[in-house]
Amino acid sequence: MNQTNITILAIESSCDDTSVAIIQNGRMLCNLVAGQQIHEQYGGVVPELASRAHQQNIVPLVDVAIQKAGISKKELSAIAFTAGPGLIGSLMVGCSFAKGLALGLNIPLITVNHMQAHILAHFIDEPKPAFPFLCLTVSGGHTQLVRLNSYFEQEIIGKTIDDAAGEAFDKAAKILGLPYPGGPLIDKYGKEGNPLAFEFPVAQMPDLDYSFSGLKTSFLYFIQKQVSQHPEFISNNLADICASIQHAIIKQLMKKLILASKQTGIKQIALAGGVSANSGLRKALTEEGHKRGWKTFIPAFEYCTDNAGMIAITAHYKYLDGEFSPQDTTPYAR
Ligand code: KG4
Ligand code: ZN
């Protein structure tokens with residue numbers, strides 16, 4: 001084991017992107033992502049196809065990562081991988097590969113929780129938030145308001161009771177006939193549109209919880225009704241429709257975030273997860289932050305959507321704490 005540098009190779013394979021990153025003493029040497037276009041035609045991630053694509057991608061991606069980082073395998077101090085939550089078949093590819101590599105190199109194995117890692121992505125670059133801070137974590141599978149007291153002391157103070165925010169974006173896009181994942185396309189087409197053109201209901205949920213399934217249903221009925229009257233409705237109004245549904249999702253996200261800040265008195269506010277790549281949400285957080293005297297933190301784009309860089313930084317802190325996992329560790333879907 002290398003004693004002077006802490007060099008960790010991290011693997012992320014929880015969903016439909018295979019990603020490998022190498023971090024040295026907390027500095028990212030490389031963060032590579034191999035996407036999987038195969039799912040576009042199916043309107044969502046097909047788990048079996050995702051597992052197979054991870055299987056094909058992982059060996060060449062690790063090779064390229066080691067070359068790009070300019071290190072040799074012998075310099076590695078530990079191997080990290082996403083243990084969950086995610087698609088079990090996809091997780092198993094990353095887990096098996098990581099175990100084999102760690103065993104072959106006789107170095108420790110580190111397991112990382114995907115949701116925890118999305119938040120700790122804030123510790124890759126400057127400026128870094130100070131504890132305690134609040135993080136709105138919005139991805140394809142989760143929507144959570146989290147209070148961070150330290151790196152690994154994370155308290156979920158609010159969450160969605162049904163669909164995640166990313167799912168709401170993707171389902172709305174599917175209704176519009178856009179390919180998967182539709183979130184980035186709603187963002188793109190909505191840029192030219194009027195966010196107040198069409199109004200959609202914001203769910204009235206108690207406390208700090210969210211609900212997005214009602215929004216999806218009302219959006220579906222609205223589109224069906226309009227299209228039955230004007231077959232060209234979607235193509236004629238795409239920008240306004242996208243801007244309006246995005247506005248409704250962001251309004252709900254921001255409402256509970258503001259309430260969480262009021263309830264906890266915390267004014268350091270961060271965004272994390274794939275939906276934090278959304279231009280409207282980034283803008284809303286910045287504007288609200290100016291108004292309320294918040295210090296806001298938004299990750300660089302490459303660390304918003306699924307990436308191994310966030311797994312690597314989390315593993316770095318686990319390494320410092322001496323938190324290693326045995327070879328008989330297993331991934332978890334939830
Ligand atoms: O965190 P992530 O990469 O994967 C999960 O852990 O789920 O998040 C993926 C989600 C998808 O639902 C995708 O549509 C959404 O993030 N997303 C966006 C944008 N970029 C990614 N949603 C809205 N606007 C974007 N620019
Ligand atoms: Zn994610």
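A bend at a residue is the angle between two axes, one fitted to the seven residues ending there and one to the seven starting there. I keep that at the top of the page for helix H7. I also note that this model is predicted.

**Entry one: helix H7**

I looked up where H7 bends, and found a bend of about 60 degrees at alanine 239. Next I checked the length of H7, which runs over residues 233–264. Its 32 residues, at 1.5 Å a residue, should span 46 Å, and the end C-alpha atoms are 44 Å apart, so the two values agree. Then I stepped just past H7 and met glycine 265, which has a positive phi of about 75 degrees.

**Entry two: around ligand 1**

How many residues surround ligand 1? I found 19. The closest are Gly140, Asp170, Asp187, Gly274 and Asp306. I sorted the shell by class and got five nonpolar, 11 polar and three charged residues.

**Entry three: polar contacts**

I followed two aspartates first. Aspartate 170 places a polar side-chain atom 2.6 Å from an oxygen atom of ligand 1. Aspartate 187 does so with a nitrogen atom of the ligand, at 2.9 Å. Glycine 183 uses its backbone instead: an N or O atom there lies 3.3 Å from a ligand oxygen.

How much of ligand 1 does the protein cover? On its own the ligand has 550 Å² of accessible area, and the protein covers 89% of that.

Last, I asked which elements give two or more residues to the shell. They are helix H3 (114–120), helix H4 (165–175) and helix H5 (183–190).

How values were computed
Residues are numbered from 1 along each chain as its sequence is written. Chains are lettered from A and ligands numbered from 1 in the order in which they are written. This is a predicted model: local features need pLDDT of at least 70, side-chain atom pairs count only at pLDDT 80 or more; totals for chains, interfaces and linings use all residues. Side-chain values use heavy atoms; hydrogens and water are left out. A residue is near a molecule or strand if one of its heavy atoms lies within 4 Å of it. A polar contact is a pair of N or O atoms within 3.5 Å; within protein, one must be able to donate a hydrogen and the other to accept it, and residues adjacent in sequence count only if both atoms are side-chain atoms. Accessible areas come from the Shrake-Rupley method with a 1.4 Å probe; for residues, only the protein chains shown count as cover. Helices (H or I, at least four residues) and strands (E, at least two) are DSSP runs, numbered from the N terminus. Ala, Val, Leu, Ile, Met, Phe, Trp, Tyr, Cys and Pro count as nonpolar, Asp, Glu, Lys and Arg as charged, and the others, Gly among them, as polar. The expected span of a helix is 1.5 Å times one less than its number of residues.
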